[in-house]
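Student: I am new to this structure and would like a close look at a single part of it. Could you take one helix, go through it slowly, and then place it among its surroundings?

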Amino acid sequence: MPAPERIPPGSVTPHELLAKGELTVRGRVREASNAVLYCTVEYEGVSAACVYKPVAGERPLWDFPDGTLAQREVAAYELSEAMGWGLVPPTVLRDGPYGEGMCQLWIEASADEEALLALVEGEEPGPGWKAVGFAEVGEDRTALLVHADDERLRRLAVLDAVINNGDRKGGHLLPAPDGRLYAIDHGVTFNADDKLRTLLWGWAGEPLPEEALEALRRLSADLEEGRPLAGRLAELITPAELEALRGRVADLLRTKRHREPSGQWPAIPWPPV
């Protein structure tokens, strides 16, 4: 698919473009489990590429209310912005050619970025890598799954713990040409039950950096009743899920450590892409 056009500085904001622009469907992302449409969006002479996921194209899940995945994608963006990390591309909930859905700015991943995930021989990760666990890669063969010891990934590990991400795979990581890292596909998030399943366990149990603790403190305040963020989230997730979100933030601030697998849910998605 073609790379998106850059939004000119000082023009409409990405949020305005996505929320108010005219959506034109250009194709479909076939490998996705739900309907994912590649589109262009145009507003006041500015255009960009985006992804549109209509609610009507969502497949029902046994552990999530039907027709809520688009809202959860928007809620993940709201949390990323509130924490000040900008890890999720601009995302809005809007009407489109196939009804209400999530609309997200298209991010073209850099082809020059060094690998963030790898399967390696041996029992210990090399310098600059964090171990996740062993994986079967063939008959009677295992390899060590590792991810980069990268501060961008570390922030994402914290965000995933906050939003209770049930499906953080390698294919959801998009390093941009400007050096930023974006993460996509946040439909299975914010469940009231512990669903955290991710490839980013390399820091499990380690102390949280002060940067993360500061972001969590700000977020805790923003989630209080009556605050604007709490009000926006109340329109996107259920009351029980919002209360569970507050509890996860409080737990991270209490322990001051990265989450560890609960043992009650498969901790690593497979395949990892």
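**Helix α3 and its surroundings**

Tutor: Let us begin at the point where the helix has just ended: immediately after α3, N164 takes a positive phi of about 60°. Please keep in mind throughout that this is a predicted model, and that each value below is computed from it.

Going back into the helix itself, α3 covers residues 151-163, which makes 13 residues, and from its first C-alpha to its last it reaches 18 Å, close to the 18 Å expected at 1.5 Å a residue. At the N-terminal end the helix is capped by D150, which places a side-chain oxygen 2.7 Å from the backbone nitrogen of R152.

Is this helix mostly enclosed or mostly open? Eleven of the 13 residues of α3 are buried, so the helix is largely enclosed by the rest of the structure. Among the buried residues are L153, L156, V158, L159, V162 and I163, together with R152, R154 and D160, and the list also includes A157 and A161, two residues to which we shall return. As for what surrounds them, the buried residues of α3 pack against two elements that come before it, α2 (69-82) and β8 (141-148), and against β9 (173-175), β10 (181-183), α4 (210-222) and α6 (239-255).

The helix also takes part in an enclosed space. The structure has two cavities of 30 Å³ or more, and the largest cavity holds about 100 Å³ of space. Of the 13 residues that line this largest cavity, those closest to its centre are A157 and A161, along with L200, H258 and R259. α3 gives the most to that lining, with three residues.

Two of the elements that pack against α3, namely α2 and β9, lead on to an open space, the largest pocket, which holds about 1,200 Å³. Of its 43 lining residues, the closest to the centre are A32, S33, K53, H172 and D185, and the elements that give two or more residues to this lining are β3 (46-54), α2, β5 (99-105) and β9.

Finally, a word on the cysteines: the structure holds zero disulfides. The cysteine sulfur nearest to that of C50 belongs to C103 and is 3.7 Å away, which is too far for a bond, because a disulfide requires the two sulfur atoms to be within 2.5 Å. C50 counts as buried, at 0% relative accessibility, and C103 likewise counts as buried at 0%.

How values were computed:
Residues numbered from 1 in each chain as written. Predicted model: local features only at pLDDT ≥ 70, side-chain atom pairs only at ≥ 80, totals over all residues. Heavy atoms only, no water. Helix = DSSP H or I, 4+ residues; strand = E, 2+ residues; numbered from the N terminus. Expected span 1.5 Å × (residues − 1). Buried < 20%, exposed > 50% of the residue type's maximum accessible area, 1.4 Å probe, protein only. Contact = heavy atoms within 4.5 Å. Polar contact = N/O pair within 3.5 Å; in protein donor to acceptor, adjacent residues only side chain to side chain. 1 Å grid on protein atoms, 1.4 Å probe; cavity = no way out; pocket = protein on both sides within 12 Å on 5 of 7 lines; lining within 4 Å. Points joined across faces, edges and corners; volume = space filled by probe spheres on them.
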